[in-house]
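Colleague: Please take a close look at one part of this predicted model, and set out step by step how that part is placed among its neighbours.

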Amino acid sequence: MLTYLTGYKNMETKETIYLGSHVGLSGPDFYLGSVKEALSYNSNTFMFYTGAPQNSIRKPLSELKIQEGRKLIKEAGIDESKLIVHAPYIINAANFSREDLYEMSINTIVNELRRTAGFGVKIMVLHPGSHVGMGSEAGILALAKALDLVFKVDGTDVKIAIETMAGKGHEIGITFEQVKAIIDKCEHKDRLGVCLDTCHISDAGYDVKNDFDGVIEKFDKIIGLDRLLVVHVNDSKNPIGAHKDRHENIGYGYLGFDTLYHVVHHPKLIGIPMILETPYVNEKAPYKQEIEMLRSGKFIDWRN
């Protein structure tokens, strides 16, 4: 199994495809359990939260069996530089009207970066947040200033991948131009990259289904593919431009299997970690089936 994990290649370029999913981090095995879960899906990358995504309550790193997990990662031949942490949802550094919440968000980002480094992981995905009625320009400026404060004190070399958003509510980071503006306004540009979510950008109005090549060309022109650190591979329950952000299982949504297979195997994206965040079905993770389909190019109607 481990040879298959590390040896998975794009058939045309012969380069390694890094494909995995979100995994849990819970007792009693914690990080060791996260690695075991990823291996059970035949993944060669994965993404996890360092604690519950809904709050900032965190167990000490010393209790999370990190060294045991890292040992198994090495034994499996997985490239640790391709692993991803996702910051908790409670962070909103795009609005400074509430000083206490703004400060809490900054402190939480700092803590999560330090925890990410403690796992030996180098990339943390961050939702850019909501301007909460202040306007997108004010939200972009607030986030950029927050990130500058974070990078001055966090003491790590972990990069933040700003996630592209679907456009629900008062979110920022909906367009490539907005993401670029966040990066441009930040002093520490070397610490910033992007997480491209296929469901989100389709919901935001980008034609992922019919012209993903054009979408990638636009991303490269506006932001630059050198900043693309992670791709979230999700189907969407809603059509283009819906601004809903509701993920669907691979091949069962508006994007469809062929589109997402093309994303995973796109020659300009080879080497970038591809992470599935699709819904559980009957309380069971779908990732082993979805990863196998995206590797083989063969859709299986496994839900019926």
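**From a cysteine to a strand**

Modeller: The sulfur of C195 has its closest cysteine sulfur in C199, at 12 Å, which is too far for a bond. Seen from the other side, the sulfur of C199 likewise finds its closest cysteine sulfur in C195, 12 Å away, so no bond can be assigned there either; the structure as a whole holds zero disulfides. C195 counts as buried because its relative accessibility is 0%, and C199, with a relative accessible area of 0%, is buried as well.

C195 belongs to strand β6, where it stands opposite E163, and this pairing leads to the strand I would look at most closely, β5. Strand β5 covers residues 159–163, and four of its five residues are buried, so the strand is largely enclosed by the rest of the structure. On one pairing, β5 runs parallel to β6 (residues 192–197), with four bridges joining the two; on the other, four bridges join β5 to β4 (residues 123–126), again in parallel, and here V125 stands opposite A161 of β5.

The connections can be followed along the chain in the order of the strands. β4, helix α5 (residues 136–153) and β5 make a right-handed β-α-β unit, and β5 then takes part in a further right-handed β-α-β unit with helix α6 (residues 176–185) and β6. Strand β5 thus belongs both to the unit with β4 and to the unit with β6, the strand that contains the buried C195.

Methods: Residues are numbered from 1 along each chain as its sequence is written. This is a predicted model: local features need pLDDT of at least 70, side-chain atom pairs count only at pLDDT 80 or more; totals for chains, interfaces and linings use all residues. Side-chain values use heavy atoms; hydrogens and water are left out. A disulfide is a pair of cysteine sulfur atoms within 2.5 Å. Buried means under 20% relative accessible area, exposed over 50%, partly exposed in between (1.4 Å probe, protein chains only). Two strands pair if DSSP finds at least two bridges between them. A crossover is right-handed if, with the strands pointing away from the viewer, the path from the first strand over the helix to the second runs clockwise.
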